[in-house]
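Q: Hey, I'm new to this one. Can you walk me through it?
A: Sure, let's put it up and take it topic by topic.

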Amino acid sequence: MRTTIGWQADPATHALRRTHLLRRDLRPDDVAVRVDYCGVCFSDLHALRAHKSDADGALVPGHEFTGTVSEVGSAVTGFAPGDPVAVGNIVDSCGTCPMCRAGQENFCRGFPTLTYGGTDRRDGATTLGGYSREYVVRDTFVHRLPAGLDAAGAAPLLCAGVTVWEPLRALGVGPGSTVAVVGLGGLGHLAVKLAAALGATTTVISRTPDKADEAYGLGADGFVVSTDAAQMEAVRDRFDVVVDTVSAPHDLTPYLRTVAMDGTLSHLGHLGPVTVETTELLIGRKRLSSAGSGGRPSTAALLGFCAEHGITADIELLPSSQVNTALERLERNDVRYRFVLDMSDLD
């Protein structure tokens with residue numbers, strides 16, 4: 001086994017503490033990655049909350065990170081020590097089901113192996129995440145980090161970025177499309193940047209009027225205050241695609257009413273039950289969809305697109321020693337727009 005340093009949940013305090021972690025010895029198809037930057041995702045908060053009632057297994061969060069290859073297994077030919085790379089929230093899948101064969105490992109019928117809190121398909125060990133200085137991962141789930149992309153700002157692309165990228169591409173967003181992004185947080189700000197770069201006329205819908213300048217700065221063409229009935233009525237039946245990134249439970253009806261005929265509301269932020277009046281879909285043949293994470297081909301395509309267009313997340317970079325502060329602030333929505341941890345202080 002290999003030893004590294006990372007941040008593990010303490011069952012007694014529910015905070016993260018610095019400790020030694022074990023990584024597996026390299027298999028022939030493994031890549032060892034020195035983790036340089038790791039994004040802090042709302043999913044990490046959800047995992048820590050769940051860990052409070054089930055503290056038997058180790059929990060090391062972190063599933064969107066960039067780093068440098070430090071060692072490769074004997075059968076690896078695509079990477080070499082020193083290569084800049086990126087790893088997202090999936091590190092393995094069955095590889096044989098229709099979803100995997102279609103390049104949608106995120107929808108693997110056998111459930112994908114998650115970067116943390118997952119079960120390794122070969123030895124049954126619990127996966128420990130990227131809040132650590134080293135990660136060992138199967139080579140086919142490692143992505144080259146394109147030249148020109150800031151490594152810290154690119155880390156959130158591996159989760160937040162691909163989560164909005166897949167539905168934008170699947171729904172055919174491009175020049176001539178009209179897109180609305182609901183919510184301007186970690187997911188939403190990247191959705192705005194990507195939709196605008198794809199050539200869509202892009203509008204932000206937010207409860208907060210003060211975010212208008214931020215929205216325009218990210219590339220939005222319009223801004224609508226969701227609590228203003230007149231403004232919402234003015235965009236009724238307007239948008240081909242509405243990307244809903246709000247993480248809390250909420251009523252979808254106001255946003256469905258902004259969807260154009262044969263358009264789609266893609267509900268990404270809140271994973272939980274929703275209630276929809278069928279007539280809100282019926283009038284205009286509107287569609288309600290969702291998506292989650294991304295497969296390997298779309299993740300690679302996203303990284304290439306972002307390199308071409310100079311897109312990274314807007315981040316606040318913190319030393320990893322401030323991880324608990326970052327999580328506390330994230331819970332208060334006190335971040336613009338994504339925390340990223342600098343893992344170099346673990347040396």
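Q: Before we start on the strands, what does it take for two strands to pair?
A: Two strands pair if DSSP finds at least two bridges between them. Keep in mind that this is a predicted model.

Q: OK, which residue stands opposite G222 in β12?
A: That's T203. The strand β11 covers residues 201-206, and β11 pairs with β12 in the parallel sense over four bridges.

Q: What sheet do those two belong to, and in what order do the strands run?
A: It's an open sheet of six strands, in the order β12-β11-β10-β13-β14-β15. The pairing is parallel.

Q: Which strands sit at the edges?
A: The edge strands are β12 (222-225) and β15 (287-289), and each of them pairs on one side only.

Q: And by how much are neighbouring strands turned against each other?
A: On average by 20°, with direction ignored.

Q: Switching topic: how many disulfides are there?
A: Zero, going by a search of the whole structure.

Q: What about C100, how far away is the nearest cysteine sulfur?
A: The nearest one belongs to C97 and is 3.7 Å away, and C100 is in no disulfide. The cut-off for a disulfide is a pair of cysteine sulfur atoms within 2.5 Å.

Q: Is C100 buried or exposed?
A: C100 counts as buried, because its relative accessibility is 7%.

Q: And which cysteine has its sulfur nearest to C159?
A: That would be C41, with its sulfur 4.0 Å away, and C159 is in no disulfide either. C159 has 7% relative accessibility, so C159 counts as buried.

Q: Let's do charges. How many salt bridges does the structure hold?
A: It holds 26 salt bridges. One of them joins D314 and K193, where the closest N and O atoms are 2.6 Å apart.

Q: Where in the chain are D314 and K193?
A: In distant parts of it: D314 is in the loop between α10 (296-309) and β16 (315-319), while K193 is in helix α5 (residues 186-197). They are 121 residues apart, and the pair links those parts.

Q: Are those two buried or partly exposed?
A: One of each. D314 is partly exposed, with a relative accessible area of 28%, whereas K193 is buried at 16%.

Q: What does D334 form a salt bridge with?
A: With R329, and the closest N and O atoms are 2.9 Å apart. D334 is partly exposed, as its relative accessible area is 33%. R329 counts as buried, with 17% relative accessibility.

Q: Which residues are joined into one network by salt bridges that share partners?
A: R24, R27, D30, D120 and D123. Within that group, R24 and D30 form a salt bridge with their closest N and O atoms 2.8 Å apart. Both R24 and D30 are buried.

Q: Last topic, pockets. How much space lies in the second largest one?
A: About 340 Å³.

Q: Which residues are closest to its centre?
A: Of the 22 residues that line the second largest pocket, the closest to its centre are R24, D120, T126, T127 and V136. R24 and D120 also turn up in the salt-bridge network we just went through.

Q: Which elements give two or more residues to that lining?
A: β2 (16-23), β6 (90-92) and β8 (134-138) do. β8 gives the most, with four residues.

How values were computed
Residues numbered from 1 in each chain as written. Predicted model: local features only at pLDDT ≥ 70, side-chain atom pairs only at ≥ 80, totals over all residues. Heavy atoms only, no water. Axes fitted to C-alpha atoms, helices over the stretch in contact; angles between N-to-C directions. Buried < 20%, exposed > 50% of the residue type's maximum accessible area, 1.4 Å probe, protein only. Salt bridge = Lys/Arg side-chain N within 4 Å of Asp/Glu carboxyl O. 1 Å grid on protein atoms, 1.4 Å probe; cavity = no way out; pocket = protein on both sides within 12 Å on 5 of 7 lines; lining within 4 Å. Points joined across faces, edges and corners; volume = space filled by probe spheres on them.
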